[in-house]
Amino acid sequence: MNDALRLKVADLLHDNAKLSIDTIAKMLGEAPEEIAKTIDRLEKDKVILRYSAVVNWDKLETNQVTAVIDVRVLPQREVGFDAIAKKIYRFEEVKSVSLMSGGYDLQVTVVGRDIREVSRFVSEKLATIENVTATTTHFLLKTYKSDGVIFDDTDGERRLMITP
């Protein structure tokens with residue numbers, strides 16, 4: 001299968017998952033059947049895992065808080081960080097887990113009803129996992145941009161003024 005086409009289709013769907021097969025075909029100058037086959041292969045190969053929307057949760061009345069937790073761990077022999085990451089991502093509260101470079105090893109994003117619920121998760125579940133040596137919790141206060149989408153652009157698109 002054409003790797004360049006797979007990349008182009010994945011990129012278009014990442015930017016707008018609502019694009020139809022016909023629209024993608026026209027944009028790329030390909031037959032709709034080829035685009036449908038490419039999307040099917042991307043899904044079967046688990047390149048496309050799911051389709052989702054970028055939501056500005058601040059505009060909805062939700063009773064939830066989001067926290068980003070920096071986690072230091074001792075990697076395990078022969079499995080490194082993978083076994084600990086797997087234990088962490090299986091918790092319902094956890095929305096994402098990423099291996100990081102720098103001062104900590106894993107970045108964990110958690111959503112809870114309130115600060116106490118997230119704090120309980122950290123102290124009772126996350127910090128008690130074997131080989132977790134430290135955590136630092138950061139509560140999300142406001143999102144300005146996510147996944148390339150600007151959330152709070154009340155003045156419209158304005159460029160910064162250049163001054164001498």
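# A chat about the chain and its contacts

Guide: UniProt, in an unreviewed entry, places the feature "domain: HTH asnC-type" at residues 11–82. Keep in mind that this is a predicted model.

Visitor: What is the chain like over residues 11–82, in helix and strand?

Guide: That stretch is 38% helix and 12% strand. The C-alpha atoms at its two ends are 27 Å apart.

Visitor: And into which domains is the protein divided?

Guide: There is domain 1, covering 3–45, and domain 2, covering 57–142. Taken over C-alpha atoms, the centres of domain 1 and domain 2 are separated by 34 Å.

Visitor: Let's talk rings. How many aromatic pairs does the structure hold?

Guide: The structure holds 1 aromatic pair. The partners are F91 and F121, with ring centres 5.4 Å apart. Their planes stand at 85°, so the pair is edge-to-face.

Visitor: Why does 85° make it edge-to-face?

Guide: Because planes over 60 degrees apart count as edge-to-face, and the planes of F91 and F121 are at 85°.

Visitor: Where do F91 and F121 sit in the chain?

Guide: F91 is in the loop between α4 (82–89) and β2 (94–99), while F121 belongs to helix α5, residues 115–126. The two are 30 residues apart, and the pair links distant parts of the chain.

Visitor: Is F121 buried or exposed?

Guide: F121 counts as buried, at 3% relative accessibility. Its partner F91 counts as partly exposed, at 24%.

Visitor: New topic: charges. How many salt bridges does the count come to?

Guide: The count comes to 8 salt bridges. As background, side chains of opposite charge can pair when their charged atoms come close.

Visitor: Okay, what about D3 and R6?

Guide: The side chains of D3 and R6 meet in a salt bridge, at 4.0 Å from N to O. Both residues lie in helix α1 (residues 3–15), 3 residues apart, which is about one turn of the helix. D3 counts as exposed at 59% relative accessibility, whereas R6 counts as buried at 18%.

Visitor: Why does R6 count as buried at 18%?

Guide: Because buried is the word for anything under 20% relative accessible area, and R6 is at 18%.

Visitor: Which residue forms a salt bridge with K37?

Guide: That is E34, and the closest N and O atoms of the two are 3.6 Å apart. K37 and E34 are 3 residues apart in helix α3, so about one helical turn separates them. K37 is partly exposed at 47% relative accessibility, and E34 is partly exposed too, with a relative accessible area of 24%.

Visitor: And what does D40 pair with?

Guide: D40 forms a salt bridge with K44, where the closest N and O atoms are 3.0 Å apart. Both lie in helix α3, 4 residues apart, about one turn of the helix. D40 is partly exposed, at 33% relative accessible area, and K44 is exposed, at 54%.

Visitor: Which residues are joined into a network by salt bridges?

Guide: D3, R6, R41 and D45 are joined into one network by salt bridges that share partners.

Visitor: Now the surface. Which residues form a nonpolar patch there?

Guide: V55, W57 and L60 do, with about 280 Å² of accessible area together. V55 lies in the loop between α3 (32–44) and β1 (65–73), and V55 is partly exposed, with a relative accessible area of 31%.

Visitor: What else is in the loop between α3 and β1?

Guide: K46 lies in that loop, and K59 is found there as well. Both are exposed: K46 has a relative accessible area of 63%, and K59 has 68%.

Visitor: How far is K59 from A10?

Guide: Their C-alpha atoms are separated by 29 Å, and K59 and A10 are 49 residues apart along the chain.

Visitor: Back to K46. What is its phi?

Guide: K46 has a positive phi of about 60°, although K46 is not a glycine. For context, most residues other than glycine have a negative phi.

Visitor: And what about the phi of D147?

Guide: D147 has a positive phi of about 50°, and D147 is not a glycine either. You can find D147 in the loop between β5 (145–146) and β6 (149–150).

How values were computed:
Residues are numbered from 1 along each chain as its sequence is written. This is a predicted model: local features need pLDDT of at least 70, side-chain atom pairs count only at pLDDT 80 or more; totals for chains, interfaces and linings use all residues. Side-chain values use heavy atoms; hydrogens and water are left out. Rings of Phe, Tyr and Trp (its six-membered ring) pair if their centres lie within 6.5 Å; planes under 30 degrees apart count as stacked, over 60 as edge-to-face and the rest as tilted. Buried means under 20% relative accessible area, exposed over 50%, partly exposed in between (1.4 Å probe, protein chains only). Domain bounds come from an automatic or database domain assignment. UniProt positions are given in the numbering used here, feature names are shortened, and annotations may be inferred rather than shown by experiment. Patches are made of residues with over 30% relative accessible area and no salt bridge: like charges are joined within 9 Å, nonpolar side chains (Val, Leu, Ile, Met, Phe, Trp, Tyr) within 5 Å. Accessible areas come from the Shrake-Rupley method with a 1.4 Å probe; for residues, only the protein chains shown count as cover.
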